Amino acid sequence: MGRTGGVMDDDEARVRLLDAADALFYTYGVQAVGMDRIRAESQVPLKRLYRIFPAKEALVAAYLDRHDRRWTAGLRRHVAAAHGDPREQVLAVFDWLAEWFDEPAFRGCAFLNALGELGDTPAAVNDVARRHKAELQQVLNELAAAAGGPDALGAQLMILVEGATAVAALAPGPAPARRARAMAEALLGHAVR
């Protein structure tokens, strides 16, 4: 990836476009940001932008796909760092959320934000958002099972994660994650005996 003789190649252009999309779409919303603004921010010529992403939907789907990989990898790393007790790994999810909610750039769930703006029409965007939520559910199911919880515990944890994220989108800061952590701890105490 990079420049050859001072010329930007398609790999570098793709990274620049996704970086610009990530910053602009997450901050301002998908509908509020046009392709010309992406072009200006990325410094990728418009012709190349449309060669790499023939439609805005393709760029939005690619942005969300990359966001999913980074977000989920960050969550998995944080949980894995909570060595030992599977219950602590479950609670580490909420500690990670507290850190995320406290970031100055926090704007809620990128996937739900995009779906809220675009509705059901862009199939590729819906597919990425559904895949992200399914993967998150799988992570929570695995953690709940490792902690000795019943099958329903993973779904209950998902509701806590999603609810805390929605509340934090309205009032950023770690408090919603801390409250959800306390509820998760109570669920674990009740479900795992």
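Start by selecting R131, which is partly exposed, with a relative accessible area of 40%. On the scale used here, buried means under 20% relative accessible area, exposed means over 50%, and partly exposed lies in between, with a 1.4 Å probe and protein chains only. Keep in mind that this is a predicted model, where local features need pLDDT of at least 70, side-chain atom pairs count only at pLDDT 80 or more, and totals for chains, interfaces and linings use all residues. Residues are numbered from 1 along each chain as its sequence is written, and side-chain values use heavy atoms, with hydrogens and water left out.

**Stop 1: R131 and its partner**

Now add D65 to the selection. R131 and D65 form a salt bridge, with 2.5 Å between the closest N and O atoms; the term stands for a side-chain nitrogen of Lys or Arg within 4 Å of a carboxyl oxygen of Asp or Glu. This pair links distant parts of the chain, since R131 is in helix 7 (residues 123–146) and D65 is in helix 4 (residues 56–81), 66 residues apart. Helices here are DSSP runs of H or I with at least four residues, strands are runs of E with at least two, and both are numbered from the N terminus. D65 is partly exposed too, with a relative accessible area of 22%.

**Stop 2: R48 and D10**

Which residue does R48 form a salt bridge with? Select D10: the closest N and O atoms of R48 and D10 are 3.1 Å apart. R48 belongs to helix 3 (residues 46–52) and D10 to helix 1 (residues 10–28), so this salt bridge ties together parts that are 38 residues apart in sequence. Colour the two by accessibility and you will find R48 buried at 17%, while D10 is partly exposed at 34%.

**Stop 3: a network around helix 9**

Next, pick R181 and E185. Their closest N and O atoms are 3.7 Å apart, and the pair forms a salt bridge. The two residues are four apart in helix 9 (residues 175–191), so about one helical turn separates them. An α-helix has 3.6 residues a turn, so residues three or four places apart point the same way. E185 is partly exposed, at 38% relative accessibility. Add E88 and D95 to the view, and you have a network of salt bridges linking E88, D95, R181 and E185. A search of the whole structure finds 12 salt bridges.

While you are in helix 9, click on A182. A182 is partly exposed, with a relative accessible area of 45%. Measure from its C-alpha to that of F94: the distance is 9.1 Å, although the two are 88 residues apart in sequence.

**Stop 4: the buried face of helix 6**

Select helix 6 (residues 110–118), where A110, F111, A114, L115 and L118 are buried. Look down the helix axis: these buried residues fall within an arc of 130°, so they line one face of the helix. That arc is taken from the directions from the helix axis to the C-beta atoms. Show the surroundings as well, because the cover over the buried residues of helix 6 includes helix 1, helix 4 and helix 7. Just after the helix comes G119, with a positive phi near 70°.

**Stop 5: two residues of helix 7**

Move to N126 in helix 7. Is N126 buried or exposed? N126 is buried, at a relative accessible area of 5%. Not counting residues up to four places away in sequence, N126 touches L115, G119, D120 and T121, where contact means heavy atoms within 4.5 Å. The C-alpha atoms of N126 and F111 are 8.5 Å apart, with their positions 15 residues apart along the chain.

Further along, Q137 is also a helix 7 residue. A polar atom of the Q137 side chain lies 3.0 Å from the backbone oxygen of G154. Beyond its neighbours within four places in sequence, Q137 is in contact with G154, A155 and M158.

**Stop 6: zooming out to domains**

Finally, colour domain 1 (8–54) and domain 2 (57–192), as the domain assignment gives them; such bounds come from an automatic or database domain assignment. Their C-alpha centres lie 27 Å apart, and 18 residues from domain 1 and 18 residues from domain 2 take part in the contact.

For a last selection, take residues 11–71, where UniProt places the feature "domain: HTH tetR-type" in an unreviewed entry. UniProt positions are given in the numbering used here, feature names are shortened, and annotations may be inferred rather than shown by experiment. Over residues 11–71 the chain is 80% helix and 0% strand, and the end C-alpha atoms are 22 Å apart.

Key. Polar contact = N/O pair within 3.5 Å; in protein donor to acceptor, adjacent residues only side chain to side chain.
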